[in-house]
Amino acid sequence: MAAKKLIYPAADRNKDPILSVLKRYIQRGTDQTFLEISSGSGQHVAHFAPHFPQVTFYPSEYEPRLLESIAAHAHGYSNIKDPIRIDVTANYRLWGNSIFKPNSLEYIYNANMMHISPYQCTIGLFSNAGQLLKPNGLLITYGPYAFDGQITPQSNVNFDKSLRSQDPSWGLRDVRDLKKLAEENDIKLIEIVDMPANNKTLIWRKSISKN
Ligand SMILES: C[S@@+](CC[C@H](N)C(=O)[O-])C[C@H]1O[C@@H](n2cnc3c(N)ncnc32)[C@H](O)[C@@H]1O
């Protein structure tokens with residue numbers, strides 16, 4: 001029996017705008033590796049992978065129940081690996097039997113996790129990215145953000161309130177705080193791309209100094 005493909009309406013709406021940004025940043029070179037943290041339903045990875053045959057995609061999820069949906073979306077794409085269970089708060093050496101080596105990845109991608117999880121997940125994302133990315137490797141994050149203590153427009157203010165009422169450890173992250181966290185991990189913000197529905201794609205690059 002076919003495994004169940006979950007469909008998130010938001011992922012259907014944002015997958016093409018995000019793909020357009022990825023097309024500007026993913027290089028043509030062969031043998032590149034793209035790790036997705038918190039793949040959710042698996043819609044994003046299955047949408048992106050056919051456009052970049054030179055890249056091997058590693059989807060992952062914290063929720064074991066979502067792995068089946070990710071595998072179902074990925075089915076038939078030879079450049080998508082089986083989904084791995086990853087808790088981003090844990091050190092990468094504990095992920096998938098130490099499948100990833102330090103300074104080995106060209107791209108790490110994460111959509112819509114930072115504001116819907118405790119801040120510990122954001123810390124884990126930047127800390128592991130700082131260790132796993134190759135020098136000049138990219139961390140690409142997507143979602144709604146605060147800037148210098150301000151959230152705009154009102155719909156994002158309301159969204160932030162509703163997240164915090166569900167769980168006080170959730171909420172939109174401030175790019176000012178993220179930049180500090182990134183710098184502690186030798187990562188710099190290089191571009192903020194405006195996206196539909198008041199979201200942003202943030203492009204972060206690991207410096208060449210970290211070994
Ligand atoms: C709103 S969903 C986003 C899913 C998908 N990236 C998307 O944009 O449709 C947030 C995801 O964060 C994941 N998450 C929560 N805690 C996590 C953790 N400790 N490590 C990795 N992912 C986590 C959840 O399992 C969930 O799939």
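Select N136 to begin: N136 sits in strand β6. Helices and strands here are DSSP runs, numbered from the N terminus; a helix is H or I with at least four residues, a strand E with at least two. This is a predicted model, where local features need pLDDT of at least 70, side-chain atom pairs count only at pLDDT 80 or more, and totals for chains, interfaces and linings use all residues. Residues are numbered from 1 along each chain as its sequence is written.

**Stop 1: N136**

Check the backbone of N136. Its phi is near 75°, a positive value in a residue other than glycine. Most residues other than glycine have a negative phi. Is N136 buried or exposed? N136 is exposed, because 10 other C-beta atoms lie within 10 Å. The scale is this: buried means 20 or more other C-beta atoms within 10 Å of the residue's own, exposed means 12 or fewer, and partly exposed is in between, with C-beta atoms placed from the backbone.

**Stop 2: the whole protein**

Zoom out. The protein has six helices and 10 strands. Its C-alpha atoms fill a box of roughly 45 × 45 × 30 Å, taken along the principal axes. The radius of gyration is 16 Å, which agrees with the value near 17 Å for a compact globule of 211 residues. That radius is taken over C-alpha atoms, and the globule rule is 2.2 Å times the number of residues to the power 0.38. Buried residues make up 37% of the 211 residues. Now think about contacts: two residues are in contact if their C-beta atoms, placed from the backbone, lie within 7 Å. Of the contacts with a separation of 6 or more, 70% are between residues 24 or more positions apart.

**Stop 3: β5 and β6**

Select residues 105-111 for β5 and 133-143 for β6. These two strands run parallel and are joined by six bridges. Strands count as paired if DSSP finds at least two bridges between them. For one bridge, pick Y107; its partner in β6 is L138. Then follow the chain from β5 through helix α4 (residues 119-132) to β6: this β-α-β crossover is right-handed. Right-handed means that, with the strands pointing away from the viewer, the path from the first strand over the helix to the second runs clockwise.

**Stop 4: β1 and its partners**

Go to β1, residues 32-37. Four bridges join β1 to β2 (residues 55-58), and the two run parallel. L35 has Y58 in β2 as its bridge partner. The chain gets from β1 to β2 through helix α2 (residues 43-48), in another β-α-β crossover that is right-handed. β1 also pairs with β5, in the parallel sense, over four bridges. Pick E36 there; its bridge partner in β5 is Y109.

**Stop 5: β10 and the hairpin**

Which way does β6 run against β10? The two are antiparallel, joined by six bridges. G143 stands opposite K200 in β10. Now add β9 (residues 187-195) to β10 (residues 199-206): this pair is antiparallel over eight bridges. I187 stands opposite K206. β9 and β10 form a hairpin with three residues between them. Select A197 in the turn; its phi is positive, about 60°.

**Stop 6: the ligand**

Show residues around the ligand. How many surround it? There are 20, and the closest are S38, G40, Y62, V88 and A111. A residue is near the ligand if its C-beta atom, placed from the backbone, lies within 6 Å. The shell has 11 nonpolar, six polar and three charged residues. Ala, Val, Leu, Ile, Met, Phe, Trp, Tyr, Cys and Pro count as nonpolar, Asp, Glu, Lys and Arg as charged, and the others, Gly among them, as polar.

**Stop 7: two loops**

Select S98, in the loop between β4 (84-85) and β5. S98 is not a glycine, yet its phi is positive, about 55°. S98 is exposed, because 10 other C-beta atoms lie within 10 Å. Next, move to P153, in the loop between β7 (145-146) and α5. The peptide bond from T152 to P153 is cis, with omega near -15°. Most peptide bonds are trans.

**Stop 8: helix α5**

End on α5, residues 154-166, and pick R164. R164 counts as partly exposed because it has 14 C-beta neighbours inside 10 Å. Leaving out residues up to four places away in sequence, R164 touches W170 and G171. S165 is also in α5. With 10 C-beta neighbours inside 10 Å, S165 counts as exposed. Draw a last distance from S165 to I84: 31 Å, C-alpha to C-alpha.
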